[in-house]
Amino acid sequence: MAIRGSADVAFFLVGGFDILGYQTQIDDAHEALIEESHTLGDSWREQSYVGVRQADFSQDGFYDDVAAGNHEALSTGPGISRVLCYGQAGTATGAPFTGYAGAMQIRYERIVARGVLHKARATYRGSGVVDVGKILWTHKGTATSSTNAGPIDNTVSTTLGGAGFFQLSAFASAALATAVLARVQHSSDNITYADLVSFAAATAAPTAQRSQLGAAVTVERYVRMAASYQGGAAPTTATMFVGFARY
């Protein structure tokens, strides 16, 4: 297992907003909810897990009011649940990422103090599943009419389903393509691939989606990202992330 540092943080995306470049700290805490379960006659406290988990997330960084920057992303966020993804271990295909099905933003703070740069802080409460999966397409741009990323080999198929994540942070579509079509595909032999997860056509950025498979869906040994475009030639820019978590 490799030791990682701040330079290994590959991306931080909230609802399609790319705000990694403003952040100085991320705190991601998961907790099991428990109840005291000792009874009369017991001489020590006992605790039992009630079967529910909770996730709390916060981010600290610099305040910047540039278009599509962290202020635009966070100032309208309180009370809104959005898909959140970040990668803490580099950009390689197959590297891990963490994905929140719903990050309910509960607070946004602007911190102004003498002699220092303005700061911004946001806090979230997890609303739904938190997945740890693997990067299929790290957050980057592409200008090809279609793209198939290199596959990830899981060595075996699995039978418990999974969830796919898609985030689009930039898309120029004028007189070119009108939508991005991103998919997760799987294969038993790394030759013939079939669509496993198909995300809804994305016509503008920023946007983000999560799609969960049924609990009994088989995911073959190999998975990859595939993307194409509707409405004509490739866009000037389409900057996106795709990841998948097996169950």
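Here are some notes on this predicted model, point by point, for you to follow with the structure open.

1. Start with the backbone, and with a bit of background. Most residues other than glycine have a negative phi, and most peptide bonds are trans. Now find alanine 205 and proline 206: the peptide bond joining them is cis, with omega at about 5 degrees. Proline 206 belongs to the loop that runs between strand S13 (194-198) and strand S14 (207-212).

2. Next, have a look at alanine 68. Its phi is near 65 degrees, which is a positive value in a residue other than glycine. You'll find alanine 68 in the loop between strand S4 (47-62) and helix H1 (70-75). Is alanine 68 buried, partly exposed or exposed? With a relative accessible area of 42%, alanine 68 counts as partly exposed.

3. Threonine 155 also deserves a click. This residue is not a glycine, yet its phi is positive, at about 70 degrees. Its home is the loop between strand S10 (152-153) and strand S11 (162-171). Threonine 155 has a relative accessible area of 53%, and exposed means over 50%, so threonine 155 is exposed.

4. While you are around helix H1, pick out histidine 71, which sits in that helix. Its relative accessibility is 17%, and the cut-off for buried is under 20%, so histidine 71 counts as buried. Which residues does histidine 71 touch, leaving out those up to four places away in sequence? They are Tyr63, Asp64, Asp65, Tyr108 and Arg110.

5. On to the aromatic rings. A pair of aromatic rings is described by the distance of the centres and the angle of the planes. The count here comes to eight aromatic pairs. One of them joins phenylalanine 12 and phenylalanine 57: the ring centres are 5.8 Å apart and the planes meet at 25 degrees, so this pair is stacked. Phenylalanine 12 is in strand S1 (residues 11-14) and phenylalanine 57 is in strand S4, so the pair ties together parts that lie 45 residues apart in sequence. Both phenylalanine 12 and phenylalanine 57 are buried.

6. Stay with phenylalanine 57, as it has another partner to show you. With tyrosine 100 it forms an edge-to-face pair, 5.5 Å from centre to centre and with 75 degrees between the planes. Here too distant parts of the chain are linked, since phenylalanine 57 is in strand S4 and tyrosine 100 is in strand S6, 43 residues apart. How buried are these two? Phenylalanine 57 has a relative accessible area of 2%, and tyrosine 100 has one of 1%. Zoom out a little and you can trace a cluster in which ring pairs link Phe12, Phe57, Tyr86, Tyr100 and Tyr124.

7. Strand S6 (residues 96-111) also holds alanine 101. Alanine 101 is partly exposed, with a relative accessible area of 23%. Setting aside residues up to four places away in sequence, alanine 101 touches Arg82, Val83, Ser127, Val129, Phe165 and Arg210. Try a distance check as well: alanine 101 and alanine 163 are 62 residues apart along the chain, and their C-alpha atoms are separated by 9.2 Å.

8. Rings can have charges over them too. The charged end of lysine 140 sits over the ring of tryptophan 137, at 4.2 Å from the ring centre. In another spot, the charged end of arginine 224 sits over the ring of tyrosine 193, 3.9 Å from its centre.

9. Now for the pockets. The largest pocket has about 310 Å³ of space. Its lining is made of 14 residues, and His30, Arg53, Gly128, Val129 and Val130 lie nearest its centre. The elements giving two or more residues to this lining are S4, strand S8 (130-142) and strand S16 (238-246). By class, the lining of the largest pocket has six nonpolar, five polar and three charged residues.

10. The second largest pocket holds about 180 Å³. Its lining consists of Ser6, Val9, Leu20, Gln23, Thr24, Gln25, Ile26, Tyr86 and Gln88. Which strand gives the largest share of that lining? Strand S3 (residues 23-36) does, with four residues. The classes in this lining are four nonpolar, five polar and no charged residues. Tyr86 should ring a bell, as it is part of the aromatic cluster as well.

Note on methods
Residues are numbered from 1 along each chain as its sequence is written. This is a predicted model: local features need pLDDT of at least 70, side-chain atom pairs count only at pLDDT 80 or more; totals for chains, interfaces and linings use all residues. Side-chain values use heavy atoms; hydrogens and water are left out. Buried means under 20% relative accessible area, exposed over 50%, partly exposed in between (1.4 Å probe, protein chains only). Contact means heavy atoms within 4.5 Å. Rings of Phe, Tyr and Trp (its six-membered ring) pair if their centres lie within 6.5 Å; planes under 30 degrees apart count as stacked, over 60 as edge-to-face and the rest as tilted. A charge sits over a ring if NZ of Lys or CZ of Arg is within 6 Å of the ring centre and within 35 degrees of the ring normal. On a 1 Å grid over the protein atoms alone, a cavity is a set of points where a 1.4 Å probe fits but cannot get out, and a pocket is an open set with protein on both sides within 12 Å along at least five of seven lines; lining residues have an atom within 4 Å of a point. Grid points are joined across faces, edges and corners, and a volume is the space filled by probe spheres set on the points. Ala, Val, Leu, Ile, Met, Phe, Trp, Tyr, Cys and Pro count as nonpolar, Asp, Glu, Lys and Arg as charged, and the others, Gly among them, as polar.
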